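Here's a quick tour of one protein chain, with a look at a few side chains and what they touch. Have the structure open as you read.

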Amino acid sequence: EGGPVTSHTVDCYSCDFRFSKVPARKVEPGSMRPVYKYRAEYPRFLGVGKGATYYESNTKKWSSAWAPETGDFAPIGYIPETEMEETYGYVDGGYGVMNEIGLTIGESTCAAELIAKPAGSDGSVALLDIRELTLIAMERCATSVCAVQTMGALAEAYGYYGADSSHVEAGEALTIADRVSGEAWGFHI
């Protein structure tokens, strides 16, 4: 269609490499969206609300400790839902990949000067990592500008932590493109 293109590769050795189609969902006014701790390993999520891929019945259980809404699969906090009546459906591939409107995101881990840990770890209150930020952008945005503004505002309001708490890999650089405006933007955090 002549619009911008971006790509992504998840390059960790133990990541959950599955793609999941996360359906659009109705949003109740005043409701809160759960936020989950970053988990790259299989399964990166276990439960409902993020597509059939993550249902307990569709997951090979290598550990009896895995259960929806417990441990790594329990929310670490909540943020206000979007004011939209319905979210966009999207493809989750470790990070938000593309939504039904044509917003696409490519991710690359990079170094960072400032680091934090997720809420509940060593007194930290940071709720959002890059995975959650990209999923929220997929749910709420049609344009790359909206994605940059939404992710930036949420990181400022609720705190950001890197997937790795070392200076070497606590940062992220995203390329964001969309079919609606035909623009592409960069986002670095």
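In this predicted model, the side chain of Arg-39 reaches the backbone oxygen of Pro-43, at 2.7 Å. Arg-39 has a second polar partner too: its side chain makes a polar contact with the side chain of Asp-72, at 2.7 Å. You'll find Arg-39 in the loop between strand S2 (32-36) and strand S3 (75-80). Is Arg-39 buried or exposed? Its relative accessible area is 10%, and the cut-off for buried is under 20%, so Arg-39 counts as buried. Leaving aside neighbours within four places in sequence, Arg-39 is in contact with Arg-44, Trp-66, Asp-72 and Phe-73.

Arg-44, one of those contacts, brings us to the salt bridges. Side chains of opposite charge can pair when their charged atoms come close. How many salt bridges does the count come to? The count is 13, and three of these pairs are set out here:

| Pair | Closest N to O distance |
|---|---|
| Arg-44 and Asp-16 | 3.8 Å |
| Glu-132 and Lys-50 | 3.4 Å |
| Glu-56 and Lys-61 | 3.0 Å |

Take the pair of Arg-44 and Asp-16, which forms a salt bridge. Arg-44 sits in the loop between S2 and S3 and Asp-16 in the segment before strand S1 (20-22), so the salt bridge ties together parts that are 28 residues apart in sequence. Both ends are tucked away: Arg-44 is buried at 4% relative accessible area, and Asp-16 is buried, also with a value of 4%.

Next up is the salt bridge between Glu-132 and Lys-50. This pair links distant parts of the chain, with Glu-132 in helix H1 (residues 130-140) and Lys-50 in the loop between S2 and S3, 82 residues apart. Glu-132 is buried, and so is Lys-50.

Glu-56 and Lys-61 also meet through their side chains in a salt bridge. Here the accessibility reads another way: Glu-56 counts as partly exposed at 36% relative accessibility, and Lys-61 counts as partly exposed at 38%. As for wider connections, salt bridges that share partners join Arg-25, Arg-33, Lys-50, Glu-81, Glu-132 and Glu-139 into one network.

Now for a nonpolar side chain. Leu-103 lies in the loop between strand S5 (96-99) and strand S6 (104-110). Why does Leu-103 count as buried? Because its relative accessible area is 0%, and anything under 20% is called buried. What does Leu-103 touch, not counting residues up to four places away in sequence? Its contacts include Val-97 and Met-98, then Ala-137, Met-138, Cys-141, Ala-142, Thr-143, Ser-144 and Ala-147, and also Ile-176, Ala-177 and Asp-178. Sequence separation and spatial distance make an interesting pairing here: Leu-103 and Val-180 are 77 residues apart in sequence, yet their C-alpha atoms are 8.0 Å apart in space.

Last stop, the largest pocket. Its volume is about 300 Å³. Which residues lie nearest its centre? They are Asp-11, Cys-12, Tyr-38, Thr-109 and Glu-169, out of a lining of 15 residues. Sorted by class, that lining has seven nonpolar, three polar and five charged residues.

Methods: Residues are numbered from 1 along each chain as its sequence is written. This is a predicted model: local features need pLDDT of at least 70, side-chain atom pairs count only at pLDDT 80 or more; totals for chains, interfaces and linings use all residues. Side-chain values use heavy atoms; hydrogens and water are left out. Helices (H or I, at least four residues) and strands (E, at least two) are DSSP runs, numbered from the N terminus. Buried means under 20% relative accessible area, exposed over 50%, partly exposed in between (1.4 Å probe, protein chains only). Contact means heavy atoms within 4.5 Å. A polar contact is a pair of N or O atoms within 3.5 Å; within protein, one must be able to donate a hydrogen and the other to accept it, and residues adjacent in sequence count only if both atoms are side-chain atoms. On a 1 Å grid over the protein atoms alone, a cavity is a set of points where a 1.4 Å probe fits but cannot get out, and a pocket is an open set with protein on both sides within 12 Å along at least five of seven lines; lining residues have an atom within 4 Å of a point. Grid points are joined across faces, edges and corners, and a volume is the space filled by probe spheres set on the points. Ala, Val, Leu, Ile, Met, Phe, Trp, Tyr, Cys and Pro count as nonpolar, Asp, Glu, Lys and Arg as charged, and the others, Gly among them, as polar. A salt bridge is a side-chain nitrogen of Lys or Arg within 4 Å of a carboxyl oxygen of Asp or Glu.
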